[in-house]
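Work through the exercises below with the structure at hand. Each task is followed by a solution in steps.

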Amino acid sequence: MDIRPETKPISEIFPIEGKSRYLIPAYQRPYSWESVNIEDLFNDIQQEQPHYYIGNLLVNESEDEADTFEVVDGQQRLTTISLFLVAVFQRLSEFIAKKSLDGVPATDPEIQDAISLSSNLKNKIRVGSKTRLSLLPDDQKLYENLLQVLDNNTPDKKGKYKFTKRYKTIYDLLEEMSADFSKIKQFYEKLNEVEILRITVGKVSDAYSVFTSLNAKGMPLSMIDLLKTTYLRIATNSGITEESATENWNKLLDVFRVSETDYDAALVTQFLLNNYDTFISDDSGSITKGQALEKYTEAFKKIGPKLLDEITQNAKIFTLLAPQLPVKAPEQLSVFKDLLESLTKLDATQIYPVILLTVKNYLKNDATYNRTEIQQILEYLIKFYVQRNIVLRPKASNIRARSIQFIRRMNSKDNVLSPFETLKGIFNPIVPSVKEFEDALENGVYDVSPKTVRYILIDLERDNHQNRLFNKQNPDTLDEYIKPNVPRWSIEHILPQNKDLSIEWQKSIGEVDWSVAQDENVHKIGNLTLTAYNSEMSDSNFEDKATLGEEIGVGLSTKLFLNESIPDFENNETIENKKIWSIQDIERRTKYLKGLILKKYSM
């Protein structure tokens, strides 16, 4: 088997010169990264040291085109990086245009440098008339539309498509550096220095074998494995026996254990980063994965082996934010269980330091952090994250910075405000405006944040359910899972997502260009409801969906509050006599549900 692993910086994956190209083959799935994945990569590029390793790129050499590689694994990351390059170009173009309007001559050194970078970016993104990265057909059309900026043209408005929305996320992430050429250049240089392990194989069959091996189950060497050596050395040097030190270390691992031999390495890393920011660091910034091992080593040397006891106690509090772990948090914290689970469903990882600090002080019976105070903080953060996840503002890094600011201010002797008032003073300036939230709710929301939409729908149902379906004999199962990653209740698109709509659905839409109307409306809140899992229901016509009530929970006639707004009751419709589902129905129901959402989550 011909396998050639090579560490490559992005500057060589997307070179200024050379004919190398990357092709996403037909068997791959479309671009699917969510905004949170993009922000994570952006923050890593920004915060980690130069030459930061971001993962593997598994390719095989194309049999049809010279200097072309087919991407077997790593296409999501590769596509995102290409979009970063396009966004940098667009921001540079705007910078040059603004300087020109301000009367800065084209001979200005900064302008010349910006023009040179723009020229290099064109060569990175294109190879002659072709794009250096060739995507699947639907994604490629949207990608090439965006690439009109390379020719100083304005792309067509395609903002309803997920691919275009993800590009806007990237473009917005670069907003703060758009007026400062040095910041744009610095990000561009760090992006070029990011490293990836490109593994090239000769045949697709070999690529599959390598892919299977790379993704085989097993415990990779993690930060906590490396940190164990430091702890054992410091503990034994202080007089603790190696047996006792190992036993103490295992108490920490037991908190994150998912089987007799395995623990969740990703969760341990997430906890250690949050624990350091909250309880050890006094910096204004947040620790990165690349810094963590060194920083913890310094902390153990300074504080000694007793630091591990503190870390283990904090880890037990952290289990509130990781309900999949078998170890349960202290009983006193059960009063906050539902609120904390809500924040985990909303992917509120950037505010974990706020939770760790407030909850730990509550356990200490600190009167400043009483039950009412904690409850107000958690309810505020839930509303904040619902809005943030739908509007996609502010950036995750901004939220994290505010979280660290809250920690430092609460630890300051000069702070005279309560925790809740302190939190509001820090976070209120970055809460999305009412108009931003309203506008976002009128557009597609499912493709912006499916998890948040699921949370909202379940929350609205529970608020208004009143024994419609669930009662003592038939308890609420909205959060249950049939098996891992398969919820008992799934989000149903009334108008299907399928691009090959049936003739019945095309007539129901009633638009000349039904595919455009579908794209613009299918992910709106008014087109969504909950149904018990049924893999065959999604593409059925409206009347079939409406009458699938024989099995409890399946179909639009299920006795859920959410389903009562499907018929237009003002025009005497019922679910039994309603025959079609139109764009006007989606708009009507979007307006109704939007009102409920604004009432519940406005701050």
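A residue counts as buried when its relative accessible area is under 20%, as exposed when it is over 50%, and as partly exposed in between. The model used here is a predicted one.

**Exercise 1. Burial**

Task: Sort Phe 163, Ile 580 and Asp 64 into buried, partly exposed or exposed.

Solution:
- Step 1. Phe 163 has a relative accessible area of 4%, which is under 20%, so Phe 163 is buried.
- Step 2. Ile 580 has 48% relative accessibility, so Ile 580 is partly exposed.
- Step 3. Asp 64 has a relative accessible area of 71%, which is over 50%, so Asp 64 is exposed.

**Exercise 2. An aromatic pair**

Task: Describe the aromatic pair formed by Tyr 31 and Phe 163, and say where its two residues lie.

Solution:
- Step 1. Two rings pair if their centres lie within 6.5 Å, and planes over 60 degrees apart count as edge-to-face.
- Step 2. The count by this rule is 21 aromatic pairs.
- Step 3. The rings of Tyr 31 and Phe 163 are 5.6 Å apart, centre to centre, with 70 degrees between the planes, and the pair is edge-to-face.
- Step 4. Tyr 31 sits in the loop between β2 (21-23) and α2, while Phe 163 sits in helix α6. The two are 132 residues apart, and the pair links distant parts of the chain.
- Step 5. Tyr 31 is buried, with a relative accessible area of 7%.

**Exercise 3. A second pair and its cluster**

Task: Classify the pair of Phe 318 and Tyr 352, then find the aromatic cluster they belong to.

Solution:
- Step 1. With 6.0 Å from centre to centre and 80 degrees between the planes, the pair of Phe 318 and Tyr 352 is edge-to-face.
- Step 2. Phe 318 belongs to helix α13 (residues 307-318) and Tyr 352 to helix α15 (residues 352-363), so the pair ties together parts 34 residues apart in sequence.
- Step 3. Phe 318 is buried at a relative accessible area of 0%, and Tyr 352 is buried at 3% relative accessibility.
- Step 4. Phe 318 and Tyr 352 form one aromatic cluster with Phe 256 and Phe 271.

**Exercise 4. The second largest pocket**

Task: What lines the second largest pocket, and which element gives the most to the lining?

Solution:
- Step 1. The second largest pocket holds about 1,100 Å³ of space.
- Step 2. It is lined by 39 residues, and the closest to its centre are Lys 165, Lys 168, Thr 169, Asp 172 and Val 391.
- Step 3. Elements that give two or more residues to the lining include α2 (35-47), α5 (137-146) and α16 (371-391).
- Step 4. α6 gives the most to the lining of this pocket, with nine residues.
- Step 5. By class, the lining has 14 nonpolar, 10 polar and 15 charged residues.

**Exercise 5. Surroundings of Ile 580**

Task: Where is Ile 580, and which residues does Ile 580 touch?

Solution:
- Step 1. Ile 580 is in the loop between α23 (542-546) and α24.
- Step 2. Leaving out residues up to four places away in sequence, Ile 580 touches Ser 508, Phe 542 and Asp 585.
- Step 3. Ile 580 and Thr 80 are 500 residues apart in sequence and 39 Å apart in space, C-alpha to C-alpha.

**Exercise 6. Helix α22**

Task: Which residues of helix α22 are buried, and what covers them?

Solution:
- Step 1. In helix α22 (residues 514-521), the buried residues are Ala 517, Gln 518, Asp 519 and Asn 521.
- Step 2. Their cover includes α21 (503-509) and α24 (583-601).

Notes. Residues numbered from 1 in each chain as written. Predicted model: local features only at pLDDT ≥ 70, side-chain atom pairs only at ≥ 80, totals over all residues. Heavy atoms only, no water. Buried < 20%, exposed > 50% of the residue type's maximum accessible area, 1.4 Å probe, protein only. Helix = DSSP H or I, 4+ residues; strand = E, 2+ residues; numbered from the N terminus. Contact = heavy atoms within 4.5 Å. 1 Å grid on protein atoms, 1.4 Å probe; cavity = no way out; pocket = protein on both sides within 12 Å on 5 of 7 lines; lining within 4 Å. Points joined across faces, edges and corners; volume = space filled by probe spheres on them. Nonpolar A, V, L, I, M, F, W, Y, C, P; charged D, E, K, R; others polar. Phe/Tyr/Trp six-rings, centres within 6.5 Å; stacked < 30°, edge-to-face > 60°.
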